Structures are given as structure tokens and as C-alpha cells.
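Trainee: I am new to this structure and would like a close look at a single part of it. Please take one helix and its surroundings and go through them step by step.

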Amino acid sequence: MALHMHQGSPMQIAEMAADGTVDFAIATEALEQFSDLVMMPCYRWNRCVVVPQGHPLTKVPKLTLELLAEYPIVTYVFGFTGRSKLDEAFSHRGLVPKVVFTAADADVIKTYVRLNLGVGIVARMAVDEEVDSDLVVLDASDLFESSVTKIAFRRGTFLRGFMCDFIEKFAPHLTREVMAKAIQCHNKQEMEELFANVELPVH
């Protein structure tokens, strides 16, 4: 057995799962648009702000969206990695973020920050304390609603043993029993009820 990983936009990944090109799609955005996919929540995550050392934002007592809106922002391309939650947060405050550069990859965003092209907003789990020790990480979990990454497969797929093993290793709360129940869900509401009392891990 071999593991092959395909990278793409959430829409591309979901389409590949829907047409059977791949066994699973793992994404935060776009999966809900495909009714023929069984989608199970894996983990919850939020964002942080990364800036160069000495940046004015490192000296503020409390980070706010209003303060962020004053600076050029570097973040994910729309449709990638929970970008919609970021846009919604600013919109609800009547703010328009000055997004000057976008990228699909957090490492590219951090490179832009190192070049002083803007303030970076990335997934907290994308920051490595050792590798990124030259950057200052500011917690932004109070500013943005958390996002949930899901794993999806085409409805009607027979989950073979190794496929179940992969899902369980990726998200231990998704046991074979839970997978069987998820397959029986007919709509989004039933799926949400199935996982209503499940506390997802936070990354």
C-alpha cells in the first residue's frame, strides 16, 4: 500500500474526492458544496498574527481587528484554509482589511512578512517556534471564529480496512463505529447532531 498526496484548492480537492480520483479530501473550505461527500470533523484550529520583531503591534496591550485593519495584511488566498472566517470577522465590524498579498502556503506568507511586505495572518499550527523564532507570534483566537478541518469521502465508498486505519490515525475520535454512523447520515443536520457532543481536538 502506498500513500499519495495531492495538493490543491479546497474546491479542487473536493472535486477529486467526489469523482473518485482520490480516496479522501481533507480541507476546511468548500466541502459543504458537495452533497455526495460524507464529511466528518477532524480538528478545530484558529489563527495567529505574525510580525517581525520590533513591529508596532508587538507593543499594543490588546490586539484588535481595528488595529490590524490599519496595516497591510498578508494571508491566505480566498477559498483556502479558512479564509472566509477572516473576511467575515472584518466585515462584521464594518472594516475592510488591506490585503496586499495572498498565498496558498503559510511558509510563503511568513516569507512576505520577513520582507516587511505586511502583517501575516496564518493558522497557529503553521508556526514553528524554532524555525520561526525571528518572528513574533500574536494570539488572534479572540478575533476570529475557529475553523474546523474535515475529512471527506464519496458517498457509497466501501471503506476498506486500511482506509479506516488512516482515518482513525488522523482523527482518533473517528472510530469505525462513528464512521458507520456518519455514512448513515442523510443530510448536514443529521451529521451535525452526530458530532454535537464531540469535543474536537484543537491545533
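Mentor: A salt bridge is counted when a side-chain nitrogen of Lys or Arg lies within 4 Å of a carboxyl oxygen of Asp or Glu. The model is predicted, and what follows is read from that model. By the rule just given, the count comes to eight salt bridges.

The part to look at is helix α4, residues 106-114. As for the setting, the chain is divided into domain 1 (10-43 + 149-195) and domain 2 (47-139). The C-alpha centres of domain 1 and domain 2 lie 30 Å apart.

Start with Arg114, which belongs to helix α4. The side chain of Arg114 meets that of Asp134 in a salt bridge, with 2.7 Å from N to O. Asp134 sits in the loop between β6 and β7, so this pair ties together parts that are 20 residues apart in sequence. Asp134 counts as partly exposed, at 33% relative accessibility. Arg114 is partly exposed as well, with a relative accessible area of 32%.

Arg114 also forms a salt bridge with Asp132, at 2.9 Å from N to O. Asp132 lies in the loop between β6 (119-123) and β7 (135-139), so the pair ties together parts that are 18 residues apart in sequence. With a relative accessible area of 4%, Asp132 is buried, since the cut-off for that word is under 20%.

These two contacts belong to a wider set. Asp107, Lys110, Arg114, Asp132 and Asp134 are joined into one network by salt bridges that share partners.

Now turn to the buried side of the helix. In α4 the buried residues are Ala106, Ile109, Lys110 and Val113. Seen down the axis of α4, these residues fall within an arc of 100°, so they line one face of the helix. As background, an α-helix has 3.6 residues a turn, so residues three or four places apart point the same way. The buried residues of α4 pack against β3 (47-52), β4 (72-76), β5, β6 and β7. Lys110 thus appears twice in this account: Lys110 is listed among the buried residues of α4, and Lys110 is a member of the salt-bridge network.

Next comes the loop between α4 and β6, where Asn116 is placed. Phi of Asn116 is near 60°, a positive value in a residue other than glycine. Asn116 is exposed, with a relative accessible area of 59%. Leu117 lies in the loop between α4 and β6 too, and is partly exposed, with a relative accessible area of 31%. Leu117 joins Val100, Phe101 and Leu115 in making a nonpolar surface patch of about 330 Å².

One more salt bridge is worth placing beside those of Arg114. The side chains of Glu66 and Arg93 meet at 2.9 Å, N to O. Glu66 lies in helix α2 (residues 65-68) and Arg93 in the loop between α3 (83-92) and β5 (98-103), so this pair ties together parts that are 27 residues apart in sequence. Both partners are partly exposed: Glu66 has a relative accessible area of 35%, and Arg93 has one of 49%.

To sum up α4: its buried residues line one face of the helix and pack against β3, β4, β5, β6 and β7, while Arg114 makes salt bridges to Asp132 and to Asp134.

Terms used:
Residues numbered from 1 in each chain as written. Predicted model: local features only at pLDDT ≥ 70, side-chain atom pairs only at ≥ 80, totals over all residues. Heavy atoms only, no water. Domains from an automatic or database assignment. Helix = DSSP H or I, 4+ residues; strand = E, 2+ residues; numbered from the N terminus. Buried < 20%, exposed > 50% of the residue type's maximum accessible area, 1.4 Å probe, protein only. Patch = residues over 30% accessible without salt bridge, like charges linked within 9 Å, V, L, I, M, F, W, Y side chains within 5 Å. Areas by Shrake-Rupley, 256 points an atom, 1.4 Å probe, with all protein chains shown as cover. Arc of directions from axis to C-beta. Contact = heavy atoms within 4.5 Å.
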